[in-house]
Amino acid sequence: MKNDTRITEFYRRARRYWEDNRLIERDSKILVALSGGKDSVCMFKLLLKAREEMGLEISACHVHHGLRDQADEDASFCARLAESCSVPFFLCREDVKGYSLENKISLESAGRVLRYGALERIARQQNAELIATAHTASDCAETQLMNFIRGSGLKGLAGIPPKRGKVIRPILFMTSEEVKEFLELDSQRHVTDKTNFEPFCRRNRIRLQVMELLKKENPDVERTLFRSGEILREENTLLTRLALRELERLSDDPLSYDKAALRRLCLEEGLTGLCSHLVRRAMELLGSDMPSAERCKAVENAALYGNAGQRIQLKNGFIFSVEQKRLVFSRELEKPCFDVMLCEETNLILPINAQIVVQKEKLTDKKENVNKKSMNMLLNSATICGVLRARSRREGDFVRINGMNKSLKKLLCDMKLGSDRDMLPIICDDEGILWVPGAGLADRARPKADDGVLKLEIQSTVLEKYFK
């Protein structure tokens with residue numbers, strides 16, 4: 001009788017937790033991630049207890065990692081448990097070790113990727129709206145400490161959320177000791193993963209060593225950390241919503257912001273923390289993981305103080321660019337590479353969707369000083385060595401202008417072309433650069449009255465906005 005009362009108390013706590021966090025609606029279809037360990041078995045039994053009362057449709061999936069000698073026994077135990085409860089059961093075998101070696105990641109990371117992938121696949125097949133995983137308050141406390149050790153903001157320090165997408169954590173409110181108590185009261189067997197007691201990974205070391213030391217200071221430290229995580233999660237949600245509201249006022253496009261307006265808001269109003277939300281929002285929309293803390297700080301510094309032309313590499317091929325008037329998140333495109341011989345005609349430069357018209361001219365007083373910032377230029381044809389070419393910029397390029405060797409990289413930065421600098425054709429011959437459009441003509445290419453002259457005209461819709 002006492003056992004039944006205590007089990008009912010656990011169930012009522014579970015229902016209250018589900019309702020408070022809006023985890024499970026009536027008539028939900030739930031796929032249970034059933035490893036056979038005490039946590040997953042406890043979750044499975046609590047959900048079964050609610051099955052009839054809430055009209056739940058429950059199925060179970062065991063992911064066989066193929067790493068331990070007892071893995072087959074664990075899978076058989078889960079199959080028997082599901083069958084005894086009249087629950088559809090699915091077994092997925094995954095090559096975790098092979099995936100780890102192929103992708104050069106840890107076994108723990110490989111297992112997590114393949115496990116969630118398998119659960120998602122079965123959930124789609126069964127039209128299950130929810131996937132239930134058996135994380136507990138003890139797991140949450142361990143995660144909080146791991147995130148604290150490596151460095152984290154509010155989101156990481158909050159630990160494991162009750163729900164992420166279709167994945168729910170129905171027993172996140174229970175500590176590991178409470179799970180053990182529930183199973184003993186219910187006389188329910190489970191399997192034990194012996195690797196959980198070996199300090200071969202950081203999580204195990206925190207569980208077996210760090211947490212035990214903390215429990216001597218506060219026996220209820222797991223629940224204390226869990227409650228702190230709930231508070232931090234609420235505060236992070238509030239701050240995120242307020243930050244997004246400010247960012248939406250700045251720009252309708254979450255990947256592009258007016259540079260002056262953002263700096264005015266952040267620096268004058270003291271809201272520099274908006275920059276971290278700006279990065280997070282952009283990465284989520286681009287479907288990318290968050291960059292490292294160092295890269296996020298670099299983006300913040302560039303957004304607030306960077307000069308036009310500065311670019312920060314982010315994850316998954318994305319970049320943050322400081323342009324003349326805007327701050328832009330975008331996917332880094334493959335740099336156009338071209339080297340085209342120029343003839344006295346209209347020359348197409350297909351990689352940059354431009355054309356260059358070359359024709360002979362006679363030098364007159366009116367044509368001696370062509371504006372260096374225009375898309376037209378006169379070259380001394382007598383000084384051209386070898387073949388006249390238009391090519392993409394290269395590392396280490398320089399040009400001699402006004403008696404000084406000038407770095408092409410520096411010239412392009414001064415021109416404030418941003419990401420469009422790769423669309424600029426560099427005019428050269430076999431000896432080097434003759435003309436950098438918008439920056440100037442090489443000393444040796446300056447036209448003289450006694451020599452022949454070539455007129456070059458660049459036609460490009462991308463570049464014309466910089467040369468008006």
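Start with the largest nonpolar core of this predicted model. Select W18, I24, F44, L47 and M174: within this core of 46 residues, they have the most contacts. In soluble globular proteins, nonpolar side chains tend to be buried together.

Next, colour the elements that give two or more residues to this core. The helices are α1 (2-20), α2 (38-54), α3 (71-84), α6 (137-150) and α8 (176-185). The strands are β1 (29-33), β2 (57-64) and β4 (130-132). Keep α2 highlighted for a moment, as the largest share of the core, 9 residues, comes from this helix.

Now zoom in on F44. Which residues is F44 in contact with, leaving aside its neighbours within four places in sequence? Show V32, L34, I58, A60, L81, A82, C85 and V87, and you have them.

There is a second, separate core to visit, with 37 residues. To find your way there, select M377, I427, A445 and L463, which are among its members.

From there, move on to an open sheet. Its 4 strands follow the order β12-β13-β21-β14, and the pairing is antiparallel. Which strands are at the edges? Select 346-349 for β12 and 376-380 for β14; each of these pairs on one side only. Turn the sheet in your viewer to look for its twist, which averages 25° from one strand to the next.

Stay with the sheet and pick out β13 (residues 354-361) and β21 (residues 453-459). These two strands run antiparallel and are joined by 7 bridges. For one pair to look at, select I356 and its bridge partner in β21, I458. Strands of a sheet pair through backbone hydrogen bonds, either parallel or antiparallel.

For a change of scenery, select residues 221-250, helix α10. How far apart are its end C-alpha atoms? They are 43 Å apart, which agrees with the 44 Å that 30 residues should span at 1.5 Å a residue. Along α10, the buried residues are V221, E222, R223, L225, F226, G229, R233, N236, A243 and L247.

The last stop is R295, in helix α13 (residues 293-305). Is R295 buried, partly exposed or exposed? With 37% relative accessibility, R295 counts as partly exposed. Beyond its neighbours within four places in sequence, R295 is in contact with I312, Q313 and L314. Look closely at Q313: its backbone oxygen lies 2.5 Å from a polar atom of the R295 side chain. To finish, draw a distance line between the C-alpha atoms of R295 and E457: they are separated by 41 Å, and the two residues are 162 residues apart along the chain.

Terms used: Residues are numbered from 1 along each chain as its sequence is written. This is a predicted model: local features need pLDDT of at least 70, side-chain atom pairs count only at pLDDT 80 or more; totals for chains, interfaces and linings use all residues. Side-chain values use heavy atoms; hydrogens and water are left out. Two strands pair if DSSP finds at least two bridges between them. Axes are lines fitted to C-alpha atoms, for helices over the stretch in contact, and angles run from 0 to 180 degrees between N-to-C directions. The expected span of a helix is 1.5 Å times one less than its number of residues. Buried means under 20% relative accessible area, exposed over 50%, partly exposed in between (1.4 Å probe, protein chains only). A nonpolar core is a set of buried Ala, Val, Leu, Ile, Met, Phe, Trp, Tyr and Cys residues joined through side-chain atoms within 4.5 Å. Contact means heavy atoms within 4.5 Å. A polar contact is a pair of N or O atoms within 3.5 Å; within protein, one must be able to donate a hydrogen and the other to accept it, and residues adjacent in sequence count only if both atoms are side-chain atoms.
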